[in-house]
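Trainee: I have a structure open and could use a hand reading it. Can we go through it together?
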Amino acid sequence: MAARYLVFGVLALIAFLMTAPSAMTLFTALKPPEELIRPAWTPPTAITFENFGRVWTDGGFRRYFLNTVLISTVDAIVMIVLASMTAYAMVFMSFRGKLALQVLFVVGLMIPVTAIILPLYTTVRSLGLINTHLGVIFADLALAMPVFVFMFSSYFVSIPKALHEAARVDGATELQIYRRVVMPISIPAIITTGLLEFMWSWNDLLLRLVLLPRDGMRTLSVGLLNFQGVQTRDVAGISAGAVIMAIPVILLFLFFQRHFVRGMTAGAVK
Amino acid sequence: MADLELQNIQKSYGATKVLHDINLKIDDGEFVVFVGPSGCGKSTLLRLIAGLDDITGGELFIGGQPSKKLSPKQRNIAMVFQSYALYPQMTVAENMGFSLSLERRPKPEIREKVEEAARTLKLEALLDRKPGQLSGGQRQRVAIGRAIVRNPQVFLLDEPLSNLDAALRTETRVEIGELHQRLKTTMIYVTHDQVEAMTMADRIVILNAGRIEQVGTPMELYNSPATEFVASFIGSPKMNLITGPAASEYQAVTIGIRPEHFDIVTDAPHWQGQITLVERLGHNTIVYARVPDVGPVTISLEGQHDYEVGQTVGLGADLSKVHRFDSAGRPVG
């Protein structure tokens, strides 16, 4: 029994440590200016939404929010299509150079963004896509593609080959098999990919900072920097901005949680 | 409906050759069973006919047309898979009508054909269910229904009964036989179960290590096996294969005597053996005995008998039904 209490205590401590920063951020965002001098872990005595209003209008978060929604949504949708099609070809089709392509994707998994940020910037600039959402979307897709091809491939290999073969015998083309047989039974992988890519795109700072220098094109993560100067810091503004930024991702996770877990564990056991 | 001809069909995976010069002609409307042990190449051969794998060498004719380069669809064949391979997200009706919907046939026509096939297979009540809501036997019937709807030239069935329990297997075996009688379509059926092969086939093709050992009617294979392998493969319980001095008496390296051609006798027994096991099946009794200088022998007796383990009995054999083989496993004389 004592061991059980000990485990419970350790788990409660971990849960507290993980939720504490979020709680402190929320407390700070809800505090009026006169309460900001109090420690961050103390809840507000009087709740105000003034910080949110200020960030949304004066801080330009309305524009940043729309930019972020646009980029992240397009990222997620295009990634689902591209990664699933690539993985489909890798798993179900035979073609020359398949092994080389697989190796290329594995190599892609190993390269960190920071290592290639300068050549990436040069490439996007040479395409004339600096300060465009399209440039960021291209870069996002290229960088995350190996991860999601890998994820879809892991899911597709669990689909019996006989299904693909039965569809071929039934007269389906590869595109018809992809669309009518494979994708409808890959909902967990689709949702996981969509959710993860959306979240990564939503939270990314580095690429947006480099590829979107103009303020009107910026996203939420870059917008948060506006509340931080060299000598000063608008803690309430940053906190309110962080809460605004977190809410859509939390809602998406809550909504798709069941599918997400299934997608992440696909292929783990028979 | 169509006939099939396989001319010197070969299949290799890299340097490994898995099918060697398969030559076979299957008549229009015939029910042919490919049978053989695991890894003999029977499923591979079926997949080559279906167009799911490429033929390495030789030519395949379906309905007189060279078909080696054709896609599965162009070959106009239908296949029933061992795992049924039903589309889990579709209803029974959608599964059965999938091939027709791909051809963009009008919906009323698809519905009519699906309902017709469902009536044949007693699936009318299940048309709106998903495969996950069906039993193994029902799924099997849906898989067959999906094949029927297309009205193909040739049906290919890859061990379709292997996932069913014994009782359902027997029932479905009869249903497939009756279906063939009704449709009169060419059917190629793969199984490793020689009982299925014997009971269903017009002709059986016995494969071993990527080669055809023998092609013939079930009774031809039973009565006149072309090789020792065929002799041992066909028949249940298996034929007794005896080597050594007992075989030399018959001027053979190996002699084969089916269990049902042995008898337990008291007058002038050919051999004396000690019983090691008795299996009582009701309609017959299978006795396992050990004969000195001969080895283990299986005897199948009609009816019920009271032999006991450890008992010494005399064995007689119907000498006109002794099969003699040389060192290469070929019949002598």
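Trainee: Let's start with A:Val107. Is it buried, partly exposed or exposed?
Mentor: Partly exposed. Keep in mind that this is a predicted model.
Trainee: Why does A:Val107 count as partly exposed?
Mentor: Because its relative accessible area is 38%. Buried means under 20%, and exposed means over 50%. So 38% falls in between.
Trainee: Where does A:Val107 sit in the chain?
Mentor: In helix α4 of chain A. That helix covers residues 98-110.
Trainee: Which surface patch is A:Val107 part of?
Mentor: A nonpolar one of about 760 Å². Its other members are A:Leu99, A:Val103, A:Val106, A:Leu109, A:Met110, A:Ile111 and A:Phe150.
Trainee: Which element gives the largest share of that patch?
Mentor: Helix α4 of chain A, with six residues.
Trainee: Zooming out, how many helices and strands are in chain A?
Mentor: Twelve helices and zero strands. From the N terminus on, every element is an α.
Trainee: How far does chain A reach along its principal axes?
Mentor: The C-alpha trace spans about 75 × 65 × 30 Å.
Trainee: And how much of chain A is buried?
Mentor: Of its 270 residues, 43% count as buried. Chain A exposes about 14,800 Å². Carbon and sulfur atoms supply 72% of that exposed area.
Trainee: What share of the contacts in chain A joins residues 24 or more positions apart?
Mentor: They make up 70%, counting contacts with a separation of 6 or more.
Trainee: New topic. How many residues of each chain are in contact across the interface of chain B and chain A?
Mentor: On the chain B side, 22 residues. On the chain A side, 15.
Trainee: How much area do the two chains bury between them?
Mentor: About 1,600 Å², with 61% of it on carbon and sulfur atoms. In chain B, B:Tyr87, B:Gln89 and B:Leu102 lose the most area to chain A. Together they account for 31% of what that side buries.
Trainee: How many salt bridges cross the interface?
Mentor: One. B:Arg47 pairs with A:Glu165 in a salt bridge, and their closest N and O atoms are 2.5 Å apart.
Trainee: How many residue pairs are in polar contact between the chains?
Mentor: Nine, with both residues at pLDDT 80 or more.
Trainee: Which elements of chain B supply at least two residues to the side that touches chain A?
Mentor: β6 (77-80) and α2 (92-102). On that side, α2(B) gives the most, with four residues.

Key:
Residues numbered from 1 in each chain as written. Chains lettered and ligands numbered in written order. Predicted model: local features only at pLDDT ≥ 70, side-chain atom pairs only at ≥ 80, totals over all residues. Heavy atoms only, no water. Patch = residues over 30% accessible without salt bridge, like charges linked within 9 Å, V, L, I, M, F, W, Y side chains within 5 Å. Areas by Shrake-Rupley, 256 points an atom, 1.4 Å probe, with all protein chains shown as cover. Salt bridge = Lys/Arg side-chain N within 4 Å of Asp/Glu carboxyl O. Buried < 20%, exposed > 50% of the residue type's maximum accessible area, 1.4 Å probe, protein only. Contact = heavy atoms within 4.5 Å. Buried area = accessible area lost by both parts, 1.4 Å probe. Polar contact = N/O pair within 3.5 Å; in protein donor to acceptor, adjacent residues only side chain to side chain.
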